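Student: I would like to learn how to read a structure like this one. Please take me through it feature by feature.

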Amino acid sequence: MRYAIAVLFAISSANAMAGNEAPNVSDEQMACAGAASQEYETANAALAQRATADGSMSIEDTIAQRRLAEDFCQRWAACLVSNITEPGLREIALRASFAGCLNGEGKDTE
């Protein structure tokens with residue numbers, strides 16, 4: 001998972017502020033994130049296949065691809081912060097994870 005390091009950094013930073021040790025990402029969290037990634041890759045590939053012969057996507061498909069990435073990042077981030085129980089720290093980690101994911105997806109499409 002290319003985003004796992006960024007998420008772990010965000011979670012570790014949040015926990016460091018609280019004086020806690022870095023968290024462990026459980027198998028359940030990784031399975032959740034893995035399922036989100038697999039579904040995203042499948043749906044994204046279907047959109048890419050509809051591109052024209054020169055590789056251009058329609059405006060509608062480009063918008064759909066962006067929304068797909070946003071939905072994936074929201075789901076993926078929720079999976080990886082699910083073990084944080086303190087609401088403030090959870091929100092910080094969730095926002096950082098979501099933003100890092102979207103940033104990574106934006107770089108992948110450039």
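**Reading a helical chain**

Tutor: Start with one residue: Val25 is partly exposed, with a relative accessible area of 27%. Buried means under 20% relative accessible area, exposed means over 50%, and partly exposed lies in between (1.4 Å probe, protein chains only). Val25 sits in the loop between α1 (4-17) and α2.

Student: What should I know about the model itself?

Tutor: This is a predicted model, in which local features need pLDDT of at least 70, side-chain atom pairs count only at pLDDT 80 or more, and totals for chains, interfaces and linings use all residues. Residues are numbered from 1 along each chain as its sequence is written, and side-chain values use heavy atoms, with hydrogens and water left out.

Student: How many helices and strands does the chain have?

Tutor: Helices (H or I, at least four residues) and strands (E, at least two) are DSSP runs, numbered from the N terminus. Here there are 4 helices and 0 strands. The order from the N terminus is α-α-α-α.

Student: What share of the chain is buried?

Tutor: Of the 110 residues, 31% are buried. The accessible surface of the chain is about 6800 Å², and 55% of that belongs to carbon and sulfur atoms. These areas come from the Shrake-Rupley method with a 1.4 Å probe; for residues, only the protein chains shown count as cover.

Student: How do I read a single helix, say α3?

Tutor: Begin with its span. The expected value is 1.5 Å times one less than the number of residues. Helix α3 (residues 59-80) has 22 residues and reaches 32 Å from first to last C-alpha, close to the expected 32 Å.

Student: Which residues of α3 are buried, and where do they lie?

Tutor: An α-helix has 3.6 residues a turn, so residues three or four places apart point the same way. In α3 the buried residues are Asp61, Gln65, Leu68, Ala69, Phe72, Cys73, Trp76, Ala77, Cys79 and Leu80. They fall within an arc of 155° seen down the axis, so they line one face of the helix. The arc is that of the directions from the helix axis to the C-beta atoms. On the other side, Ile59, Glu60, Arg67 and Gln74 are exposed.

Student: Which elements build the largest nonpolar core?

Tutor: A nonpolar core is a set of buried Ala, Val, Leu, Ile, Met, Phe, Trp, Tyr and Cys residues joined through side-chain atoms within 4.5 Å. The largest has 13 residues; Ala33, Tyr40, Phe72, Cys73, Trp76 and Cys101 touch the most other members. Two or more residues come from each of α2 (27-49), α3 and α4 (87-109). Helix α3 gives the most, with 7 residues.

Student: What do the side chains of Gln65 and Gln29 join?

Tutor: A polar contact is a pair of N or O atoms within 3.5 Å; within protein, one must be able to donate a hydrogen and the other to accept it, and residues adjacent in sequence count only if both atoms are side-chain atoms. Gln65 is buried, with a relative accessible area of 16%. Its side chain joins that of Asn44 in a polar contact of 2.8 Å. Gln29, in helix α2, is buried at 3% relative accessible area. A polar contact of 3.2 Å joins its side chain to that of Asn83.

Student: How far apart are Val25 and Asn83?

Tutor: Check both sequence and space. Val25 and Asn83 are 58 residues apart in sequence and 8.0 Å apart in space, C-alpha to C-alpha.
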